[in-house]
Structures are given as structure tokens and as C-alpha cells.
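This report concerns strand pairing and salt bridges in a single protein chain. The sequence and the structure are shown first.

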Amino acid sequence: QVQLVESGGGLVQPGRSLRLSCAASGSIFSILGAMGWYRQAPGKERELVATITGVGNTNYATSVKGRFTISRDNFKKTVYLQMNSLKPEDTAVYYCNARISSTTGWRDYWGQGTQVTVSS
């Protein structure tokens, strides 16, 4: 069984920073697939925030480019999202996603989500 556990969310004022982490655990054969962060605001569909390949190539949503940075530590089986210059419109539940090889083959896994609220 593979699990993704996010941490680092919370309430923050506009302009401040937060760092999200997502750690994978379980019977993992390979963590070298793509990993990413998505978010879902109330009343809206889930949207891509950023992705990173196993060799470190990154992709960002236009709305976060220049403010957010995605990174990963394959040894720790963890993906990070550094969020700077946060805006109220960044308020959402943030989910991590990872393509992982386990006993059931390659699959996409999702974390349970962590709330990020940007408000003064």
C-alpha cells in the first residue's frame, strides 16, 4: 500500500510564504515518475499548480510562475512546494500527486490534501 501525506498548510497573510511537503511511503519500487501539486478552491475544479519529472524538469501554472517553486528529494521520497508572495486567490486545498511503481505496477497516487488560506 502506498500513501502520500502532505504537510505545511495553514493560514498566512498576503505576501508571506509557506512550504508544503508531501512524503510517499509504503511498498515503493520506484519514485522516479512525475510528481506534482494541484489545488481546488471552493466551487472550482481542481487545477494543476506545478509538476516535476524524475530528472527535475518543471512546469508551472501561469498564475504561480515566478512565485512558487516545486522541488523533490528522491531519496526522501518527498516533493515540496515553496510558495512565496502568496495572494488571497491562492487559497485552496492543495493536493500532491505522484506516479509511483509499487506491487500493483505504475499508478497515480493522491494525498489527502492540505488547506492553504491566504487572508489578512
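Two strands count as paired if DSSP finds at least two bridges between them. The model discussed here is predicted.

**Strand pairing**

Strand β2 (residues 10-12) pairs with β12 in the parallel sense over three bridges, and L11 has T117 of β12 as its bridge partner. Strand β10 runs antiparallel to β12, to which three bridges join it; here V93 stands opposite Q115. Strand β10 (residues 92-102) is also paired with β11 (residues 105-110), in the antiparallel sense and over six bridges. These two strands form a hairpin with two residues between them, and N97 stands opposite W110.

Side chains alternate along β12 (residues 114-118). T114, V116 and V118 point to one face and are buried, whereas Q115 and T117 point to the other and are not.

**Salt bridges**

The structure holds four salt bridges, including those tabulated here.

| Salt bridge | Closest N to O distance |
|---|---|
| D90 with R39 | 3.0 Å |
| D90 with R67 | 2.8 Å |
| D108 with R99 | 3.5 Å |

D90 forms a salt bridge with R39. This pair links distant parts of the chain, 51 residues apart: D90 lies in the loop between β9 and β10, and R39 in strand β5 (residues 35-40). Salt bridges link R39, E47, R67 and D90 in a network.

Is D90 buried or exposed? Buried means under 20% relative accessible area, so D90, at 1%, counts as buried. R39 is likewise buried, at 6%. By contrast, D108 is partly exposed at 39%, and R99 is partly exposed at 35%.

Methods: Residues numbered from 1 in each chain as written. Predicted model: local features only at pLDDT ≥ 70, side-chain atom pairs only at ≥ 80, totals over all residues. Heavy atoms only, no water. Helix = DSSP H or I, 4+ residues; strand = E, 2+ residues; numbered from the N terminus. Buried < 20%, exposed > 50% of the residue type's maximum accessible area, 1.4 Å probe, protein only. Salt bridge = Lys/Arg side-chain N within 4 Å of Asp/Glu carboxyl O.
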